[in-house]
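Visitor: Hi! Could you walk me through this one?
Guide: Happy to. Here it is.

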Amino acid sequence: MRAQDIMHPEDAKAIQAIKSVPGYERLAKKLLRLGTEAQYKGENLADMVQVTPQSFPDVYAPFKEVVDRVGIKEPDLYVDNDPMIDAYTYGETHTFIVLSSGLIEKMSREELKGVIAHECGHILCKHTLYLTMYRMMESTGLLLGLIHRTLFAPLYFALLYWKRKGELSADRCGAVVVGEEIYQAALLKLASGMKESSGQLYRLVEQGKEFEALKRSSLLNRIQQECQCIFYTHPQPCVRALELNRWKMSYAYRRQRIA
Ligand SMILES: [Zn+2]
């Protein structure tokens, strides 16, 4: 799979804006080489359980299938003791993926593959450098007060805006690997937090259409809803579901599904 096959156009545009900040990319890579990646690895090894063919074969097998399908270098994989449904990836030269125990317990095998493919999509699109920088900025901000939201506010908000758009590319990767229907089922579980599958697979898509209609109904409604999400790291679940549902009609999606 190639990054351009799944990259959302708004992700590509937003990442260019960040890359245009002079010296930013070089500084980010330098900071990572100075030890941040090693620090993350230490934290993961100390606090989580690494997934290997021996330790969690039922998680490793679908993970390996996805990594081979997406065609990326195998990242390290860890399980975090967290009942919430969550997954993330960071790193630049040594990437890793973390899956929460809540995610593994609530998703079916195919849905789990969809979520892992989402994380692999971030790696394929080379999002990880910027995701890692976002994480570093957040933790530095917490240590030094609200520095990231004041001194570096334009960069911080540009990163947040891009992060939301980058999720749409990663969703496409998930849908290509397991099919749009299964990925919609995973999104429903992510939104509801429930183990049970919804009786209405496209409920979030319908909500996405209603949400769009609400925003179009008046300028005030639009401003209210847009302001609501400026601190969000992800687009709302119904926005993700609708975006993906529209993309499944595209030639790019169909071509990737039969590849
Ligand atoms: Zn993501």
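Guide: One term before the sheet comes up: two strands pair if DSSP finds at least two bridges between them. Also, please keep in mind that this is a predicted model.

Visitor: Noted. In what order do the strands of the sheet come?
Guide: The order is S1-S2-S4-S3, in an open sheet of four strands with mixed pairing.

Visitor: And which strands stand at the edges?
Guide: Those are S1 (49-50) and S3 (87-90). Each has a single partner strand, so one side of each is left without a neighbour in the sheet.

Visitor: How do S3 and S4 pair?
Guide: They are antiparallel, with four bridges between S3 and S4, the latter covering residues 96-100. For a specific pair, look at Tyr 88, whose bridge partner in S4 is Val 98.

Visitor: Which helix lies across S3 and S4?
Guide: That is H6, residues 109-124, and it runs at about 20° to S3.

Visitor: Zooming out, how many helices are there in the protein?
Guide: There are 14 helices, alongside the four strands. The radius of gyration is 18 Å, close to the 18 Å from the globule rule for 259 residues, so the protein is as compact as a globular protein of that length.

Visitor: What does the C-alpha trace span?
Guide: About 50 × 50 × 35 Å along the principal axes.

Visitor: Last bits: what percentage of the residues is buried?
Guide: Buried residues account for 35% of the 259. As for contacts between residues at least 6 apart in sequence, 70% join residues at least 24 apart.

Notes:
Residues numbered from 1 in each chain as written. Predicted model: local features only at pLDDT ≥ 70, side-chain atom pairs only at ≥ 80, totals over all residues. Helix = DSSP H or I, 4+ residues; strand = E, 2+ residues; numbered from the N terminus. Rg over C-alpha atoms; globule rule 2.2 N^0.38 Å. Buried ≥ 20, exposed ≤ 12 C-beta atoms within 10 Å, placed from the backbone. Contact = placed C-beta atoms within 7 Å. Axes fitted to C-alpha atoms, helices over the stretch in contact; angles between N-to-C directions.
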